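Biologist: I'd like to go over one part of this model slowly, with the sequence open beside me. Could you start from a single spot and work outwards from there?

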Amino acid sequence: MNESTPSAQRIHIGFFGCTNAGKSSLINAIAGQEVSIVSNVKGTTTDPVRKAMELLPLGAVMLFDTAGLDDESPLGLQRTAKTYEILRHTDLAVLVVDAVKGITEADRKLEEKLRQEKIPYGIAFNKWDLNPVESTLPEHAVAVSAESGFNIPLLKRLICTIYLESKGKQAEQPLLGDLITKESIVILVTPIDESAPKGRMILPQVQSIRAILDVFAVCITVQPDQLPFLLNQLKNQPDLVITDSQVFSTVKDMIPKEVPLTSFSILFARYKGILEQALEGIQALDKLRDGDCVLIAEGCTHHRQCGDIGTVKLPEWISEYTGRNLNFTFSSGNEFPEDLSPFALAVHCGGCMLNVREMQHRRLSAQKQNIPFTNYGILIAAVNGILNRSISALGIPASER
């Protein structure tokens, strides 16, 4: 991974603490460049600042600088709320403590929040060179000085150690590697239409191509209209077909029923750890009633086209399938609502631009509020009558839905 690695594939490391504890200075010291503005004036950091970099042996990471947790300025409550939002996608937290002042009540409150959210964290006692008192450090803590550079390499090692310990022997869910083998033939159906980004492919398609090549399988990419021609040219049937969910309705009739067929969005539901709940949530589709509210959420922000899937196509497909007069609410980027009580169903995109922790936060938020939560690909497969077929391609028998 390098500077071009998407944010969703980076390890998110958030720096938290009180105003003037030295969070910005520490990030600058770790990054080796001025990422955040440093000042003795309280509240200098307002909105979260991010920096993409490589941190060995972890690889590609994203560092987040946040506003002080004890910010009492007029906008302090809003800044603190923004800071706590960062926890939703924080894989590892660094609590920065002013070594002269010691751990504050705001620091302890954050520690409790980190434990509740099961976010691994370490503590950096900054300004240690100004601390006149010898003291014993708690576990997973290090004494540092951003100004002098004291123990910055040790802090980097501590971050890596804590993260690797938190992962333990837990294996990450592969995108495709467990579904195909060497020399499998995989067809990717990727429409190039008005919604496709000019000059490039969308992230799920790019990641799928790489996952196929990583196991030395054969990847063939076509547009929907080319699919019949391609199938006629192949000596053997493909081992797997992955399509953009939007063209499920046409692709399903082109592919022989014995050939495994799924979508990029369904693959990402599995990859991001929301597949099981998404399959449970789709059952609410048949229970919708007139006047119910449906949330359609996307993890990214983009220019809306006239045939936009989230705001145009999905509402049309849902309304046509259910025959109900429904109300739709839309969210994108970081705007996912905390209060889901108004909704009878939440439908989320594949989440390719969100890291696993953020997707888990959204999934758990719906689960805690007893709101059915599903995924674009799952829903589109359901309204096309091919959900069982689409998940069987992932090795999930229909009887286990």
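Between which two elements is the loop that holds phenylalanine 216?

Modeller: Phenylalanine 216 is in the loop between α5 (203-214) and β8. Keep in mind that this is a predicted model. The backbone there is worth a look: phenylalanine 216 has a positive phi of about 60° although it is not a glycine. The residue counts as exposed because its relative accessibility is 61%, and the cut-off for exposed is over 50%.

Now step along the chain into β8, which covers residues 218-222. This strand runs parallel to β7, and five bridges join the two. One of the pairs to pick out on screen is valine 186 with cysteine 219, its bridge partner in β8. β7 also pairs with β9 (residues 240-243), again in the parallel sense, over four bridges. There, leucine 188 stands opposite isoleucine 242 in β9. β7 itself (residues 185-189) is mostly covered, with four of its five residues buried.

From here you can walk straight into the nonpolar interior. Isoleucine 187, leaving out residues up to four places away in sequence, touches a long list that includes Ile220, Val222, Leu227, Leu231, Pro238, Val241 and Ile242. Along with Leu176 and Ile378, Ile187 is one of the residues with the most contacts inside the largest nonpolar core, which has 71 residues. Helix α12 (residues 376-383) gives the largest share of this core, six residues. Apart from it lies another core, of 27 residues, with Ile27, Ile30, Val142 and Ile162 among them.

Two of those names, Ile27 and Ile30, take us to helix α1, where they are buried along with Lys23, Ser24, Leu26, Asn28 and Ala31. Seven of the nine residues of α1 (residues 23-31) are buried, so you can call the helix mostly covered. The cover over those buried residues includes β1 (11-17), β2 (49-55), β3, β4 (92-98), β5 (121-126) and α4. Just after α1 comes glycine 32, with a positive phi near 75°. On the other side, in the loop between β1 and α1, is asparagine 20. Like phenylalanine 216, asparagine 20 is not a glycine but has a positive phi; here the value is about 65°. Asparagine 20 counts as partly exposed because its relative accessibility is 28%, which sits between the cut-offs of 20% and 50%.

Go back along the chain to β1 and you get to isoleucine 11. Isoleucine 11 counts as buried because its relative accessible area is 11%, and buried means under 20%. Its contacts beyond four places in sequence are Leu58, Ala60, Val61, Met62, Asp91 and Tyr163. Take Asp91 from that list: the C-alpha atoms of isoleucine 11 and aspartate 91 are 6.2 Å from each other, although 80 residues separate them along the chain. While you are in that area, check the loop between β2 and β3, where proline 57 lies. The peptide bond from leucine 56 to proline 57 is cis, with omega near 10°.

Asp91 also leads to the largest pocket. Of the 41 residues that line this pocket, Asp91, Lys167, Val356, Arg357 and Gln360 lie nearest its centre. The pocket has a volume of about 1,400 Å³, and its lining is a mix of 15 nonpolar, 12 polar and 14 charged residues. Helix α11 provides the largest share of the lining, seven residues. Other elements that give two or more residues to it include β3 (59-65), α4 (152-167) and α8 (264-271).

In α11 you will also find glutamate 358. It is a charged residue, yet it counts as buried because its relative accessibility is 1%. Beyond four places in sequence, glutamate 358 is in contact with Arg88 and His89. From glutamate 358 to alanine 8 it is 9.3 Å, C-alpha to C-alpha, across 350 residues of sequence.

One last stop is β11 (residues 293-297), which is largely enclosed by the rest of the structure because four of its five residues are buried. Its parallel partners are β12 (residues 327-331), through five bridges, and β13 (residues 345-348), through four. To find the pairs, look for valine 294 with phenylalanine 328 in β12, and for isoleucine 296 with valine 347 in β13.

Definitions and conventions
Residues numbered from 1 in each chain as written. Predicted model: local features only at pLDDT ≥ 70, side-chain atom pairs only at ≥ 80, totals over all residues. Heavy atoms only, no water. Core = buried A, V, L, I, M, F, W, Y, C linked by side-chain atoms within 4.5 Å. Buried < 20%, exposed > 50% of the residue type's maximum accessible area, 1.4 Å probe, protein only. Contact = heavy atoms within 4.5 Å. 1 Å grid on protein atoms, 1.4 Å probe; cavity = no way out; pocket = protein on both sides within 12 Å on 5 of 7 lines; lining within 4 Å. Points joined across faces, edges and corners; volume = space filled by probe spheres on them. Pairing = 2+ DSSP bridges.
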